[in-house]
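Open the structure in your viewer and keep a selection tool at hand. The tour below goes from stop to stop and says what to select next.

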Amino acid sequence: MTALSDARALAWNAVMSASPGPLDLVVESSRVEGAVPHALRGGRLLSNGPGWTHIGGRLAHPFDGHGYVRAFEFQADGSLRLRARFVQTPAYRSEASAQRITHRGLGTNVGDHFWQNLFLRTGPRNVANTTIVRWNGRLLAGWEGGAPYALDADSLETRGEETFGGALSGQATLAHVKHDAARGRLVSCSVAMGPTTTLTFREFDAAGRLVHTRVAKMPSTMFAHDFALTPQWYVLASNPLTLRWGTLAKSMLGGATLLDAIASDARAPGAVYLVPRTEEAPLRTVSLPGRAFVVHYGNAFERDGAVHLDACLFHDFTFGAEFGFQGPHAPLDPRLPDGRAPQRLFRIEVPAGATIGRWRQLAPHGVDFPRVHPDHEGQPTPVLFGATRADPRFSDPFDTVLRVDLADLERPAQVWTPGGGAFVGEPVFVPSPERDADGHVLVVVSDGAAGRSTLVVLDAARLDAGPLAQVPLPLLPYAFHGAWDRPG
């Protein structure tokens, strides 16, 4: 494997390749710097991400690393219990047994030669490594191209694929789902991509019953990883793609990967799609002031007939530099994402009945992993948190947490940077029951050079004041997404 001598690159590779395996440990309160706030005790932070990427001498693309779910449980005495388990998908069980890559993935092949990737009978590489939510008494670990996997809410043991009674069987369902707290529904989106794209939105009640389905035909090939909703609309950017047909054919013959075969369409103008949620009316296409490509959405809401959408927006996006991936025999290079302009947080406004929208940038930073009050999806909300870089010219890998005041868009963003070359993951907001903008922010800080992680608790209203509590942990692999959970 090609060496990188840069200290930051070495630290990044240590974090991304960390694989401690199943964990059961307790961090006593005497080892916690500061004190865990009483409001958090009895609850837990859940997170999910790739926990095994170096497999049999090959490096899997981080998108294809095996799902590793962690539960950070705050105990009544101020201690913390950490439990971590791999999601026991068929791909994980196969590769754990063989100790090599046996399933092709989004950016990963089984071998270097095309004939090693042909005629595999191993099925799709659903690694359930992207999201984690609680629904209908179980935890759901989501992935980008298939149904989520259900886990026991306490033990984290895998219960099997969750298709919601067959509704998601055989569906390429997005890892991201939405929780409509006002209606008590979990909302999913499945994608069928071709010259046009079909999106199927499904809504499930608290018992897991399918209560609503909406199918929308999009006019072009598009990329979707996330979406937003309001009481009347499903909302997402058009994210037009071009297919490299020669590379796609090569991928089908085992000589390339799916990620090699797609590219954002640099010629297409920016647009937002509004899909009617409550009636079978045509979708609305709304032009934007410039090119736009969105991976993650913060939130959407309606006010006076207008739709407002907060999105981490690229003006140009290049596939292939994710996490600095350079292939199965080279280390990750964290400098690669610096070659593209970062995603900026924008507020997009679509007036009632309009076909042209307007936007404004909400912070000077490159922002991703946007999070808001967990019960405010689809509703106005006062504050948004995200991951960023202290240097606003760049974004990932992230080293700073950001707070944006959505009630006063003129107020400068607050930031907190741990320093020391450490990386930060997605910040999860735990709101106060008394005031929606108050509460706490939880973020895992990873110091690859020192070989340790830290769970940091911040005051949501005073992010820049620094940690209220810091819980020392072994070095954990980088997580993609998480959720706050209070059992019972």
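Why is E7 largely enclosed by the rest of the structure? Six of the seven residues of E7 are buried, so the strand is largely enclosed. Buried means under 20% relative accessible area, exposed over 50%, and partly exposed in between, with a 1.4 Å probe and protein chains only. Helices (H or I, at least four residues) and strands (E, at least two) are DSSP runs, numbered from the N terminus.

Two notes on the model apply throughout. This is a predicted model, in which local features need pLDDT of at least 70, side-chain atom pairs count only at pLDDT 80 or more, and totals for chains, interfaces and linings use all residues. Residues are numbered from 1 along each chain as its sequence is written, and side-chain values use heavy atoms, with hydrogens and water left out.

**Stop 1: E7 and its partners**

Select strand E7, residues 80-86, and add strand E1, residues 23-27. E1 and E7 pair in the antiparallel sense over five bridges; two strands pair if DSSP finds at least two bridges between them. Val27 has Leu80 of E7 as its bridge partner.

Next add strand E6, residues 67-74. E6 and E7 are antiparallel as well, with seven bridges, and Arg70 is bridged to Ala84 in E7. Five residues separate E6 from E7 in a hairpin, and in its turn Gly78 has a positive phi of about 90 degrees.

**Stop 2: helix H2**

Select residues 90-98, helix H2, and colour its buried residues: Ala91, Tyr92 and Glu95. Seen down the axis of H2, these residues fall within an arc of 95 degrees, so they line one face of the helix. The arc is that of the directions from the helix axis to the C-beta atoms. An α-helix has 3.6 residues a turn, so residues three or four places apart point the same way.

What do the buried residues of H2 pack against? They pack against strand E4 (54-55) and strand E7. Just after H2, look at Gln99, which takes a positive phi of about 55 degrees.

**Stop 3: strand E33**

Move to residues 452-459, strand E33, where six of eight residues are buried. On one pairing, E33 meets strand E32 (residues 439-447) in the antiparallel sense over eight bridges, and Ser446 stands opposite Ser453. The hairpin of E32 and E33 has four residues between the strands, and Gly451 takes a positive phi near 70 degrees there.

E33 also pairs with strand E34 (residues 467-474), antiparallel over seven bridges. Select Val456 and Gln470 to see two residues that stand opposite each other in this pair.

**Stop 4: the largest cavity**

How many cavities of 30 Å³ or more are there? The count comes to five. On a 1 Å grid over the protein atoms alone, a cavity is a set of points where a 1.4 Å probe fits but cannot get out, and lining residues have an atom within 4 Å of a point. Grid points are joined across faces, edges and corners, and a volume is the space filled by probe spheres set on the points.

The largest cavity holds about 160 Å³ of space. Select Ser47, Gly425, Glu426, Val444 and Ala479, which are the closest to its centre of the 17 residues that line it. Strands E3 (44-50), E6, E32 and E35 (481-485) each supply at least two lining residues. E3 gives the largest share of this lining, three residues.

**Stop 5: two histidines**

Select His308 in strand E23, residues 306-314. Is His308 buried or exposed? Its relative accessibility is 8%, so His308 counts as buried. Beyond its neighbours within four places in sequence, the contacts of His308 include Asn299, Phe301, Arg347 and Glu349; contact means heavy atoms within 4.5 Å. Measure from His308 to Gly386, C-alpha to C-alpha: the two are 18 Å apart in space and 78 residues apart in sequence.

Finish at His365 in strand E25, residues 358-366. His365 has 12% relative accessibility and therefore counts as buried. Leaving out residues up to four places away in sequence, His365 touches several residues, among them Gln343, Thr388, Pro392, Leu402 and Val415.

Notes: On a 1 Å grid over the protein atoms alone, a cavity is a set of points where a 1.4 Å probe fits but cannot get out, and a pocket is an open set with protein on both sides within 12 Å along at least five of seven lines; lining residues have an atom within 4 Å of a point.
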